[in-house]
Amino acid sequence: MTRASRFSAPRPQAIGRWLLGVAALVFCMVVVGGITRLTESGLSITQWKPITGAIPPLTHDQWMDAFRLYQQIPEYREINRGMSLSDFQFIFFWEWLHRLLGRVIGLAFAVPLIWFAWTRAIPRGYGPRLVALLALGGLQGAIGWWMVKSGLSVRTDVSHYRLAVHLLTALFIMGGLIWTALDLFALARSPSARPARLRPVALVVLLLLAVQLMLGAFTAGLDAGYVSNSWPLMNDRLVPEGISWMGSLWTTVSSDPYLVHFLHRWWAWVAAAGLFLLAARAKRAGERRAAIAVHASVGTQIALGIATVVSGIALPLAVLHQAVGALVVASAAFAAHAVGTRRA
């Protein structure tokens, strides 16, 4: 094989492996994002500097400058007034790490993409999809700053609506990376393989899961997990006391902590039923591994959700709950892809 032919042959297997590596980085970012939220660290960096912000404060004076900026926002004035510099450095670390991972993911996607394009290794028809995923990653960075801005002037925390958009976009990107990688692996096995299609049953199940993920983001953003530490009843009642009408149905459903918590714990069973149906369809399509992944991740996630509630939102359990939630998305993408694969 000549040097020219090596630089013009599609490499679906290599590109698929690269995409799974990027998906793993997105998974890590979702986990760190959960820690950032649970430790109330998200507003510790009050400026958006995509390039120079990669370097944290290195001297005492630089740390004091960053701390003074934080002291100007409502979260410090109304909640954390009097916190020490070391406490500030702790929350700063998690937000800095979260943003650093975003930069790493951007480089880990953009640089290999340019290389694969230059060497003509991208199979026909996949270039636009890869560029779209890169654009979504850039949009996600902007969404993250849009979310942070919501907590810098009037509120003492970020908007839970913007938090939900930020989380769902990250999980959508991860699912898209996995789906595309699976298409490329199929192409590597058979040059005649065509991309999988999103079947109606898979679409419905993924929408059920998206609602549950949105409710989870609302629960985190509103600190709604703290309103009850008992299960299955909430404070000795099936439907908890404390639900208040907030002017409209949507505002009440999305912003009342008691109702959001109630919906999140019970919609889980609707989403789980749909996912188990999807797993059965995937197994019928010949992908037993996808069915096992769905059952294992969903069962673990339900157990972790209950444990997180009864523990009073213990940090390790809550972080695991978010991590396994991302694995549920990954397994759902795997199963939906299996259902949508057109076999000869």
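**Exercise 1.** Is E287 buried or exposed in this predicted model, and which residue does its side chain meet in a salt bridge?

*Solution.* Begin with the accessibility: the relative accessible area of E287 is 13%, and the cut-off for a buried residue is under 20%, so E287 counts as buried. Next, look for the partner, which is R289, whose side chain meets that of E287 at 2.9 Å, N to O. Finally, classify the partner: R289 has a relative accessible area of 57%, and because exposed means over 50%, R289 is exposed. Elsewhere, salt bridges with shared partners join R37, E40 and D223 into one network.

**Exercise 2.** Describe the salt bridges that D65 and R129 form, and say where the partners of each lie.

*Solution.* As background, side chains of opposite charge can pair when their charged atoms come close. Take D65 to begin with: its salt bridge is with R68, and the closest N and O atoms are 2.6 Å apart. Both D65 and R68 belong to helix 3 (residues 60-70), where they are three residues apart, about one turn of the helix. D65 is partly exposed at 42% relative accessibility, and R68 is partly exposed at 41%.

Now turn to R129, which forms a salt bridge with D183, with 2.9 Å between the closest N and O atoms. This pair links distant parts of the chain, since R129 sits in helix 6 (residues 127-149) and D183 in helix 7 (residues 160-189), 54 residues apart. R129 is partly exposed, at 24%, whereas D183, at 3% relative accessibility, is buried.

**Exercise 3.** Work out how the protein is built overall, and how its radius of gyration stands against the globule rule.

*Solution.* Start with the secondary structure, which comes to 12 helices and zero strands. The radius of gyration is 22 Å, close to the 20 Å that the globule rule gives for 344 residues, so the protein is as compact as a globular protein of that length. Along its principal axes, the C-alpha trace spans about 70 × 55 × 35 Å, and 45% of the 344 residues count as buried.

**Exercise 4.** Locate V239 and name the surface patch to which V239 belongs.

*Solution.* In sequence, V239 lies in the loop between helix 8 (200-221) and helix 9 (249-255). Its relative accessibility is 43%, so V239 counts as partly exposed. Together with L233, L238 and I243, V239 forms a nonpolar patch on the surface, with about 310 Å² of accessible area for the four residues together.

Methods:
Residues are numbered from 1 along each chain as its sequence is written. This is a predicted model: local features need pLDDT of at least 70, side-chain atom pairs count only at pLDDT 80 or more; totals for chains, interfaces and linings use all residues. Side-chain values use heavy atoms; hydrogens and water are left out. Patches are made of residues with over 30% relative accessible area and no salt bridge: like charges are joined within 9 Å, nonpolar side chains (Val, Leu, Ile, Met, Phe, Trp, Tyr) within 5 Å. Accessible areas come from the Shrake-Rupley method with a 1.4 Å probe; for residues, only the protein chains shown count as cover. Helices (H or I, at least four residues) and strands (E, at least two) are DSSP runs, numbered from the N terminus. Buried means under 20% relative accessible area, exposed over 50%, partly exposed in between (1.4 Å probe, protein chains only). The radius of gyration is taken over C-alpha atoms; the globule rule is 2.2 Å times the number of residues to the power 0.38.
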